[in-house]
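This report looks at burial, strand pairing and core packing in a single protein chain. The structure under discussion is shown first.

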Amino acid sequence: MDDLPRGAAGPRARPRPLLIAPWLSIVIPARNDAAALGRTLAHLARLPGIEATEIIVAAAGDVEGTTAAVNGRARLLWPGSSTRAQLMNAGAAAAVGDVILFLHADSFPPDDALALIARALAKARAVGGAFEHRFAEPVWSLRAITWINRVRYRLTRNYYGDQGVFVRAPVFRALGGYRDLALMEDLDFTQRLKRRGRSVLITTPLVTSGRRFLARGPWRTFAFILWLLARWTLRLDTQRYAERWRGPATRTPGSAWAGAPERERA
């Protein structure tokens with residue numbers, strides 16, 4: 001049964017029944033993102049082998065919209081927190097699968113994603129990994145940013161959350177999960193993950209919306225990411241910029257920054 005915030009109204013979505021114990025738990029953090037979440041859940045329902053998994057949505061913000069978007073297709077949690085790290089940790093704490101896949105609410109795994117994860121973890125010393133990344137929108141600037149990013153993570157094995165990070169559940173718990181960071185929690189986790197064993201890159205792309213880049217300007221957003229990455233590498237503070245990256249807690253992820261063009265195809 002769903003865990004609604006105290007005093008929340010509306011119907012409770014029921015988790016879909018599992019015929020067998022799930023080997024994989026898919027954890028989706030969602031904050032005021034009902035429309036994207038609904039599309040992602042519809043996509044997941046079509047994946048071969050999805051009946052052997054469980055799907056957990058750890059949500060914050062829009063109760064009515066999120067509950068309607070889930071509509072019984074996942075277990076819905078309301079942890080009472082709002083950062084991505086906190087939501088993912090809450091979802092992982094409820095997970096029963098041997099493997100956990102952390103998926104953004106606007107990301108579509110490839111059709112054979114589940115088989116690819118199982119194959120990746122069959123490799124010696126493999127503890128987790130992520131997918132190749134591709135933006136959904138056919139915009140040339142996003143394609144260029146995709147290729148620049150591919151060089152980075154293929155060399156470093158440092159992955160971001162929009163690549164669909166997966167990990168063996170015992171390894172995740174041994175690492176203490178995601179650190180309570182408001183920003184860069186995925187980079188921090190994958191840096192720690194690769195020290196525990198082999199971190200595998202699945203070269204079949206996972207498709208993620210580039211809405212944040214398009215709303216704020218592709219190159220402006222990419223430059224901000226590079227600046228944050230440089231500060232992180234130099235061990236300088238990045239957390240003070242979390243609200244600028246995430247946007248106001250009451251708005252949909254990917255909202256434009258103040259003064260940013262609504263759509264820029266630079």
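A residue is called buried when its relative accessible area is under 20%, exposed when that area is over 50%, and partly exposed in between. The model is a predicted one, and with these cut-offs in hand, lysine 123 counts as partly exposed because its relative accessibility is 36%. Lysine 123 sits in the loop that runs between α4 and β6. Once its neighbours within four places in sequence are set aside, the contacts of lysine 123 are with Arg198 and Val200. Although 75 residues separate lysine 123 from arginine 198 in sequence, their C-alpha atoms are 8.5 Å apart in space.

The strand β1 is mostly covered, with eight of its eight residues buried. From β1, Leu24, Ile26, Ile28 and Ala30 point one way, while Ser25, Val27, Pro29 and Arg31 point the other way, and all of these are buried. The pairings of β1 with two other strands are set out below.

| Strands | Sense | Bridges | Residues standing opposite |
|---|---|---|---|
| β1 and β2 | parallel | eight bridges | proline 29 and alanine 58 |
| β1 and β4 | parallel | four bridges | isoleucine 26 and leucine 101 |

In addition to the pairing of the strands, β1, α1 and β2 together make a β-α-β unit, and this unit is right-handed.

The elements of this unit also take part in the packing of the interior. The largest nonpolar core has 35 residues, and those with the most contacts inside it are Ile26, Ile28, Leu37, Leu41, Leu44, Val57 and Phe131. At least two residues of this core come from each of β1 (24–31), α1 (34–45), β2 (53–60), α2 (63–70), β4 (99–102), α4 (113–121), β6 (126–135) and β8 (198–208). Of the contributors, α4 gives the most to this core, with six residues.

Valine 57 offers a view of the surroundings of one core residue: leaving aside its neighbours within four places in sequence, valine 57 is in contact with Ile28, Ala30, Leu37, Leu41, Val70, Ala74, Arg75, Leu76 and Leu77. Apart from the largest core lies another core, which has 24 residues, among them Met88, Phe102, Tyr153 and Leu193.

How values were computed:
Residues are numbered from 1 along each chain as its sequence is written. This is a predicted model: local features need pLDDT of at least 70, side-chain atom pairs count only at pLDDT 80 or more; totals for chains, interfaces and linings use all residues. Side-chain values use heavy atoms; hydrogens and water are left out. A nonpolar core is a set of buried Ala, Val, Leu, Ile, Met, Phe, Trp, Tyr and Cys residues joined through side-chain atoms within 4.5 Å. Buried means under 20% relative accessible area, exposed over 50%, partly exposed in between (1.4 Å probe, protein chains only). Contact means heavy atoms within 4.5 Å. Two strands pair if DSSP finds at least two bridges between them. A crossover is right-handed if, with the strands pointing away from the viewer, the path from the first strand over the helix to the second runs clockwise.
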